[in-house]
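Please open the structure in your viewer and keep the selection tool at hand. The stops below are intended to be followed in order.

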Amino acid sequence: MRETQETIFEDVPDLRTVEREGVRSVKSFVLRGTRLKRFQVEAVRAYYHDYVIPYEERVLDFTQVFNNDKPLVIEIGFGMGVATHLIAKERTQYNYLAIEVFLSGFTKLLDKVGKEGLENIRLMRFDAVAALTDMVGDSTVAGFHIFFPDPWPKKRQHKRRLIQREFAALLARKLVPGGYIYAVTDWVEYAEQMLEVFDSVEELENPHHGFSPPVSWRPQTRFEEKGRQQEHQINEVWVQRRG
Ligand SMILES: C[S@@+](CC[C@H](N)C(=O)[O-])C[C@H]1O[C@@H](n2cnc3c(N)ncnc32)[C@H](O)[C@@H]1O
């Protein structure tokens, strides 16, 4: 049996909006209507209060959210959350804030982490740019994961790409000294744009002086699988905030 989005929006009105009211911005995502399976709706009912952080215009203290002072890693655009879930489960020395607007993937990850009772992860369904700007303190984030961001391949769509100078500067500001940004894409020309953009931000340095070797602990994501099937080259970019 399937239920519509509306069912959970009635239960949890906070989930309805993904953008700041009255603020018009270039969107790096497209929202499509999603029919949810019953387990996804039930996941919201069962786990929303323990795992989901609603958008507020207020900087959060994540040591209070997690009740410990492990370093915070933020993933932007986790899709189906396959890699997110495995990383949180295996690399328990970090806390994770996983941000995604796509409701189907969001509720799937919520179901997984809720059923397994993972303690080091929280989820947000909101535009990551607004969430970072308003809710995350400067110099507080140990790392950012951005795996296979939408490539927006047509030239006229390039302005919708997430990784642009202003966004990179925002990430740099949120990082602790030595903190990292780890981005991966199967779109060669976007990978080159990432290198250029990060290079243009004074606070960031690239220890690899180009693409990074693959990182052993990153599991394959859904979009990576699709890219590999089409024989796309996968490029990894790892930069750090100067210490
Ligand atoms: C191409 S998918 C990749 C998903 C996943 N990381 C993977 O590799 O399978 C990019 C995802 O980023 C999400 N996204 C794009 N812009 C976003 C934003 N500003 N805030 C939150 N999520 C965003 C989209 O909804 C989409 O699910």
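The tour passes from the ligand to the nonpolar core, then to one helix and two loop residues. Note at the outset that this is a predicted model.

**The ligand shell**

Select the ligand and the residues around it. The shell comprises 22 residues, of which Gly77, Gly79, Ala128, Phe148 and Thr221 come nearest. Two elements each give two or more residues to this shell, namely helix H6 (128-135) and helix H9 (222-229). The most is given by H9, with 3 residues. Colouring the shell by class yields 13 nonpolar, 4 polar and 5 charged residues.

**The nonpolar core**

Next, display Ile74, Ala98, Ile99, Leu110, Met194 and Phe198. These are the residues with the most contacts inside the largest nonpolar core, which has 62 residues. Centre the view on Met194. Leaving aside residues up to four places away in sequence, Met194 touches Ile163, Ala183, Thr185 and Val237.

**Helix H8**

Now select residues 188-199, which form helix H8. Its 12 residues, at 1.5 Å a residue, should span 16 Å, and the end C-alpha atoms are 17 Å apart, which agrees. Which residues of H8 are buried? They are Tyr190, Ala191, Met194, Val197 and Phe198. These buried residues cover an arc of only 125° around the axis, which puts them on the same side of H8. In general, an α-helix has 3.6 residues a turn, so residues three or four places apart point the same way.

To see what the buried side meets, show helix H7 (165-174) together with strands S7 (175-185), S8 (204-205) and S9 (235-241); the buried residues of H8 pack against these elements. Then rotate the view to the face of H8 turned away from the buried side, where the exposed residues Glu189 and Glu196 are found.

**Two residues with positive phi**

Select Asn67, in the loop between helix H3 (62-66) and strand S3 (72-76). Its phi is near 60°, a positive value in a residue other than glycine. Is Asn67 buried or exposed? Asn67 has 9 other C-beta atoms within 10 Å and is therefore exposed, since the cut-off for that class is 12 or fewer.

Finally, move to Trp152, in the loop between strand S6 (141-147) and H7. Trp152 is not a glycine, yet it has a positive phi of about 40°. With 16 other C-beta atoms within 10 Å, Trp152 is partly exposed.

Key
Residues are numbered from 1 along each chain as its sequence is written. This is a predicted model: local features need pLDDT of at least 70, side-chain atom pairs count only at pLDDT 80 or more; totals for chains, interfaces and linings use all residues. A residue is near a molecule or strand if its C-beta atom, placed from the backbone, lies within 6 Å of it. Helices (H or I, at least four residues) and strands (E, at least two) are DSSP runs, numbered from the N terminus. Ala, Val, Leu, Ile, Met, Phe, Trp, Tyr, Cys and Pro count as nonpolar, Asp, Glu, Lys and Arg as charged, and the others, Gly among them, as polar. A nonpolar core is a set of buried Ala, Val, Leu, Ile, Met, Phe, Trp, Tyr and Cys residues joined through C-beta atoms within 7 Å. A residue is buried if 20 or more other C-beta atoms lie within 10 Å of its own, exposed if 12 or fewer, and partly exposed in between; C-beta atoms are placed from the backbone. Two residues are in contact if their C-beta atoms, placed from the backbone, lie within 7 Å. The expected span of a helix is 1.5 Å times one less than its number of residues. The arc is that of the directions from the helix axis to the C-beta atoms.
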